[in-house]
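The questions below ask what stands behind some of the labels given to this structure, and each answer sets a value against its cut-off.

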Amino acid sequence: MSLSSRLKRSGFDLYLLLLLGAVVLASLLPAQGVAAEVLSRVVYFAVALLFFLYGAKLNTSAIVAGLSNWRLQALVFASTFIAFPLVGFALSSALSPWLRPEIVIGLLYLAVLPSTVQSSIAFTSIARGNVPAAVCAASISNLLGVFITPIFAALLLHTSGEGGFDLGSMVDIGVQILLPFIVGQLARPLVGKFIQRHAKLTQVVDRGSILLIVYSAFSAGMVAGIWQQVDLSTLAIMITADIVLLAIIMVGTSFVGRVTGLAREDRLVLLFCGSKKSLASGLPMANILFAGQTVSLIVLPLMIFHQIQLFVCAVIAQREGHRASEAIALDAAAKPA
């Protein structure tokens, strides 16, 4: 058996190695200055291309089905904006004697953020989940987060709500995500069949966009020098807290998905969309909500959580995708010729 096959069987395949490589590369050669600006634009257009492809690939009935699945959408919302804040508040309260106030605030802030968009949908796609529902859940979460996160931050963190609402964020989400998706839908009669025949194209964009996001996010952390502002014990506590937070939410969403009788494809949406927090939304809002404070320390728990959630979800998505492929192959083999 080849090395690649062994890695795939364990769920630790080439893609996860590439994720680790992106982190190592950002640690050794972080993008900064003009390179960081160029990378930011590349990531922007990579994400836009990803959603154009999703729009062109999905038929209208599937999109409507995703929007109409109110039970799934409600569960994702509850996980993101109810369960997460409750667990985050409990963890931050328990750990406050051992952490700097800014980091405690950071844990709370992490818990009230919206879900990621591109990585949630990409992982759902890799795992062969319900992509239309994931598009709806992740997009709605991010749009609502523009309103909900500043309100929660003001209530839980005792910050001023003044300036917390950022209309520009809604515009950016619309332009980068929803607009390409709509354009893809309109272009579907022209390019839909081509994309269906070249499924590898979407897969490359899925995974390539996540690799770019990881490298860009980790580069920003290295350039800001936030890793030099905490000692090893504090870092260990933060990593443990983030792991515990993610584990509780992922176990909870998996349990709720099964108890409520969701189909496998919908359970994956709840798992991936309901267990993530958005670095892309979190960093800009932090600069507004915590102006004049030590923003780099406040966002550190989010930076760490972002990497952990990507690695964990990459492993799970790969394994679920392999299982789905094997099940499809077995079903095809069982059918009479």
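Q: Why is histidine 306 called buried?
A: In this predicted model, histidine 306 has a relative accessible area of 4%, and because buried means under 20%, the label applies to histidine 306. Histidine 306 is found in helix H15, residues 300-334, and, leaving aside its neighbours within four places in sequence, is in contact with Ile213, Ala217, Lys277 and Leu279.

Q: What makes the pairing of the side chains of histidine 306 and glutamine 309 a polar contact?
A: The distance given for these two side chains is 3.4 Å, and a polar contact needs a pair of N or O atoms within 3.5 Å, so the contact between histidine 306 and glutamine 309 qualifies.

Q: Why does the pair of glutamate 320 and arginine 264 count as a salt bridge?
A: The side chains of glutamate 320 and arginine 264 meet at 3.4 Å, N to O, and because the cut-off for a salt bridge is 4 Å, the pair counts as one. Glutamate 320 lies in helix H15 and arginine 264 in helix H12 (residues 264-274), so the salt bridge ties together parts that are 56 residues apart in sequence.

Q: How do you know which of glutamate 320, arginine 264 and arginine 323 are buried, partly exposed or exposed?
A: Buried means under 20% relative accessible area, exposed over 50%, and partly exposed in between; therefore glutamate 320, at 18%, is buried, arginine 264, at 25%, is partly exposed, and arginine 323, at 52%, is exposed.

Q: What makes Arg264, Glu320 and Arg323 one network?
A: Arginine 323 and glutamate 320 also meet in a salt bridge, at 3.4 Å from N to O, and both lie in helix H15, three residues apart, about one turn of the helix. Salt bridges that share partners thus join Arg264, Glu320 and Arg323 into one network.

Q: Why is isoleucine 140 called partly exposed?
A: Isoleucine 140, whose place is in helix H8, has 36% relative accessibility, and because partly exposed covers what lies between 20% and 50%, the term fits isoleucine 140. Its value also passes the requirement of over 30% for patches, and isoleucine 140 is one of the residues that form a nonpolar patch on the surface, together with Leu67, Phe77, Ile82, Leu86 and Leu144.

Q: What makes the phi of arginine 128 worth a remark?
A: Most residues other than glycine have a negative phi. Arginine 128, in the loop between helix H7 (118-126) and H8, has a phi near 65°, a positive value in a residue other than glycine.

Notes: Residues numbered from 1 in each chain as written. Predicted model: local features only at pLDDT ≥ 70, side-chain atom pairs only at ≥ 80, totals over all residues. Heavy atoms only, no water. Patch = residues over 30% accessible without salt bridge, like charges linked within 9 Å, V, L, I, M, F, W, Y side chains within 5 Å. Areas by Shrake-Rupley, 256 points an atom, 1.4 Å probe, with all protein chains shown as cover. Helix = DSSP H or I, 4+ residues; strand = E, 2+ residues; numbered from the N terminus. Buried < 20%, exposed > 50% of the residue type's maximum accessible area, 1.4 Å probe, protein only. Polar contact = N/O pair within 3.5 Å; in protein donor to acceptor, adjacent residues only side chain to side chain. Contact = heavy atoms within 4.5 Å.
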